[in-house]
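Here are some worked exercises on reading a protein model. Have a go at each task before you look at the solution.

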Amino acid sequence: MSDEYLKFKKLLEFFIKQWEENAKYEGRLGGNAKYGFTWQHGCQHFADSFGFSKELIEYDILQELGFDPINFAFGAGFAWKQPGRNFISVGWVNIYPIFELNLKKVVELRSVIILVEKERPLDKEYQLYKKFKSVFEQEKKDYCSINVNNSEITQEDSNKLFDNFFSIIKDFKNFKKEENMTIETNVYGKLLAENRNLILTGAPGTGKTYLAKEIAKEMIGIESGEDIEKSGQFAFVQFHPSFDYTDFVEGLRPTPPDAETRQIGFKRKDGVFKDFCKRALKASLKGAVDNFDEAWDKLVTDINEGKIEKIDSDTKISINTVGNICFNRIVATRDVTYTLYKKGEPQVKYTTYPAKVLGFLKDNYALQEYKPSQYENKSDKKFVFIIDEINRGEISKIFGELFFSIEPSYRGIKGRVKTQYQNMIEDSDEFYKGFYIPENVYIIGTMNDIDKSVESFDFAMRRRFIWQEITAEASAINMKLPENTRQTMEALNAAISDIEGLNSSYHLGGAYFLDTSSGEPIDLTDEAIKNNLWERRLRPLLFEYLRGMPNADSELEKLREAYNKVAAENNNTTEENGDENN
């Protein structure tokens, strides 16, 4: 049997004696004041009388759970005068006695979460416990109660209370970590809102991409992954060595063969980022009057259906393969007609026929007078653009002149730049006068610490982003790995850090311990599954870490031993407990 179980039983026995000793004095302090006020690891006053050492409550398990033993409180108030101060407690998780006044005996001990609202209503830890208690009880998790017969308890009952008491403490610790992760997500969201550019960096498998999407959902105000894709306020791209300026900003792209000549042409096309910025810009434009598209589309439909054959009395009209209006050989293109509508200068010499179409639209299709929109720096709609593996692309080649515009202090019109294909941009384009990044666009990049391309990441670009590291430990919480799996991951990562030349950048994140198909944590209690995870996923990666080291084989064996250590310890503990109960 574990030594902790024996210590715990002695503590409970002492606690019962303390209660019953206090009861003898019926609340009178007198010469027994020493029994009234021992608190927070006190107990020394009682050690002389009952032979109980305060060292008994300095459990190793508390330190393993991340609690300083001083938090293990032992109250010594009087039984019926100060009932709120007579319990064994770690934080707000308590073992509380049921006292029979007539017998002056403790008849029952219960695990319970006791919250005293008036004491620390603003305390952050208290608020966490309050939320935890609500979740704990909503999920109908069990407290524990054991009987006390004539001031004695059985070892079996003591063990049962021990397991329940510390399981609640473990649950709270995990809950606190998860809440802190939520708080961290909020912190990252705040950083992104303030700086507009954020890079999440860390070891492989730490869930940087997942966290980036969670931050995006929070910024946009959407809960599900499906909704964020439909919102139009989110975009995702992954950089790689072949990704360049034409993919990101703009470039020439081939067009389908002409219906008559069958020749393939080239047309300037917006890249993924510029197209995204146009969407964001539209959310920042206010006060525009422009129903040209609606009127033009109705006219084209009517012409195709034979409802309209002539715009003037002379020439029959038709629609060509690209949707423009033909007056025999003369074509009134949509773009030129729209430019005239906006009262700009078209990039062609002849505007007679486009002008005829425009007049016809005004007279017959309720085309309104054009009114330009006004750009507003502040927009309620936030747009988040995620660049996964941002360091794997050649940054200067991809961003080009956008190095200037991406600077947080140069967002909006003041950061306008001429792009490489500016002379080919039609005057109906939103960025006809130059490209800029709207102020409601937020960029999140992700990168792995151990990727060699990190070293070549452009320093000019580095200073334009806020950098945040995501640790392996944080990823385990974020991915809700069970305690056994977390311990296994932490033991393996500690062994990695002990190898000369490796450090926390080489740690394995929680994603390595998730099932690739379901996304759920892998069951490491199944020996076959655990061995398969090692052989198929972990060992090949760790071998690459060690490649070229003179002692690679022995170091790999040490890593395997660390990986298997937690399971072996848990199995030994289970066997010991089973032997004691038999």
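**Exercise 1. Classify two rings by burial, then describe how they pair.**

Take Phe248 and Phe273 in this predicted model: are they buried or exposed?

Step 1. Phe248 is buried, and Phe273 is too.

Step 2. Now for the geometry. An aromatic pair is described by how far apart the ring centres are and by the angle of the planes. For Phe248 and Phe273 the centres are 4.8 Å apart and the planes sit at 5°. Planes under 30 degrees apart count as stacked, so Phe248 and Phe273 make a stacked pair.

Step 3. Place the partners in the chain. Phe248 belongs to helix H8 and Phe273 to helix H9, so the pair ties together parts that are 25 residues apart in sequence.

**Exercise 2. Do the same for Phe276 and Phe383, then put both pairs in context.**

Step 1. The ring centres of Phe276 and Phe383 are 5.9 Å apart, with 75° between the planes. The cut-off for edge-to-face is over 60 degrees, and this pair is indeed edge-to-face.

Step 2. Phe276 is in helix H9 and Phe383 in strand S15, so look at the separation: the pair links distant parts of the chain, 107 residues apart.

Step 3. Check burial against the cut-off of under 20%. Phe276 has a relative accessible area of 0%, so it is buried. Phe383 comes out at 4%, so it is buried as well.

Step 4. Zoom out. Phe248, Phe273, Phe276 and Phe383 are among the members of one aromatic cluster, which also takes in Phe239, Phe243, Phe385, Phe399 and Phe403. The structure holds 33 aromatic pairs.

**Exercise 3. Map the largest nonpolar core.**

Which residues have the most contacts inside the largest nonpolar core?

Step 1. That core has 35 residues, and the ones with the most contacts inside it are Phe239, Phe248, Phe273, Ile387, Ile390, Phe399 and Val441.

Step 2. Trace where the core residues come from. At least two residues each are supplied by strands S7 (234–238), S15 (383–388) and S16 (441–448), and by helices H8 (245–248), H9 (272–284), H13 (395–399) and H14 (402–405). H9 gives the most, with six residues.

Step 3. Pick one member and list its neighbours. Leaving out residues up to four places away in sequence, Ile390 touches Ile199, Phe239, Ile395, Gly445, Thr446, Met447, Phe457 and Phe465.

Step 4. Look for a second core. Another one, of 33 residues, lies apart from the largest, and Tyr5, Leu11, Phe162 and Ile169 are among its residues.

**Exercise 4. Compare two isoleucines in loops.**

Where do Ile437 and Ile450 sit?

Step 1. Ile437 is in the loop between H14 and S16, while Ile450 is in the loop between S16 and helix H15 (459–462).

Step 2. Work out accessibility. Ile437 has a relative accessible area of 0%, so it is buried. Ile450 is at 25%, so it counts as partly exposed.

Step 3. List contacts, skipping residues up to four places away in sequence. Ile437 touches Phe273, Cys277, Ser405, Ile406, Arg411 and Gly412. For Ile450, the partners are Pro204, Ser505, Tyr506 and Tyr545.

Step 4. Add C-alpha distances. Ile437 and Arg411 are 26 residues apart in sequence and 5.6 Å apart in space. Ile450 and Tyr545 are 95 residues apart along the chain, with 9.8 Å between their C-alpha atoms.

**Exercise 5. Characterise a polar side chain in a helix.**

What does the side chain of Asn164 reach?

Step 1. Asn164 lies in helix H5 (residues 155–195). Its relative accessible area is 13%, so Asn164 is buried.

Step 2. The side chain of Asn164 reaches the backbone oxygen of Asp142 at 3.0 Å.

Step 3. Beyond its neighbours within four places in sequence, Asn164 is in contact with Ser111, Asp142, Tyr143 and Cys144.

**Exercise 6. Find charges over rings, then take stock of the whole chain.**

Step 1. Lys213 lies over the face of Phe236, 5.0 Å from the ring centre. The charged end of Lys530 sits over the ring of Tyr563, at 4.9 Å from its centre.

Step 2. How many helices and strands does the protein chain have? The count is 19 helices and 17 strands.

Step 3. Of the 582 residues in the protein chain, 45% are buried. Its accessible surface is about 30400 Å², and 46% of that belongs to carbon and sulfur atoms.

Step 4. Finish with contact order: among contacts with a separation of 6 or more, 67% join residues 24 or more positions apart.

Notes. Residues are numbered from 1 along each chain as its sequence is written. This is a predicted model: local features need pLDDT of at least 70, side-chain atom pairs count only at pLDDT 80 or more; totals for chains, interfaces and linings use all residues. Side-chain values use heavy atoms; hydrogens and water are left out. A nonpolar core is a set of buried Ala, Val, Leu, Ile, Met, Phe, Trp, Tyr and Cys residues joined through side-chain atoms within 4.5 Å. Buried means under 20% relative accessible area, exposed over 50%, partly exposed in between (1.4 Å probe, protein chains only). Helices (H or I, at least four residues) and strands (E, at least two) are DSSP runs, numbered from the N terminus. Contact means heavy atoms within 4.5 Å. A polar contact is a pair of N or O atoms within 3.5 Å; within protein, one must be able to donate a hydrogen and the other to accept it, and residues adjacent in sequence count only if both atoms are side-chain atoms. Accessible areas come from the Shrake-Rupley method with a 1.4 Å probe; for residues, only the protein chains shown count as cover. Rings of Phe, Tyr and Trp (its six-membered ring) pair if their centres lie within 6.5 Å; planes under 30 degrees apart count as stacked, over 60 as edge-to-face and the rest as tilted. A charge sits over a ring if NZ of Lys or CZ of Arg is within 6 Å of the ring centre and within 35 degrees of the ring normal.
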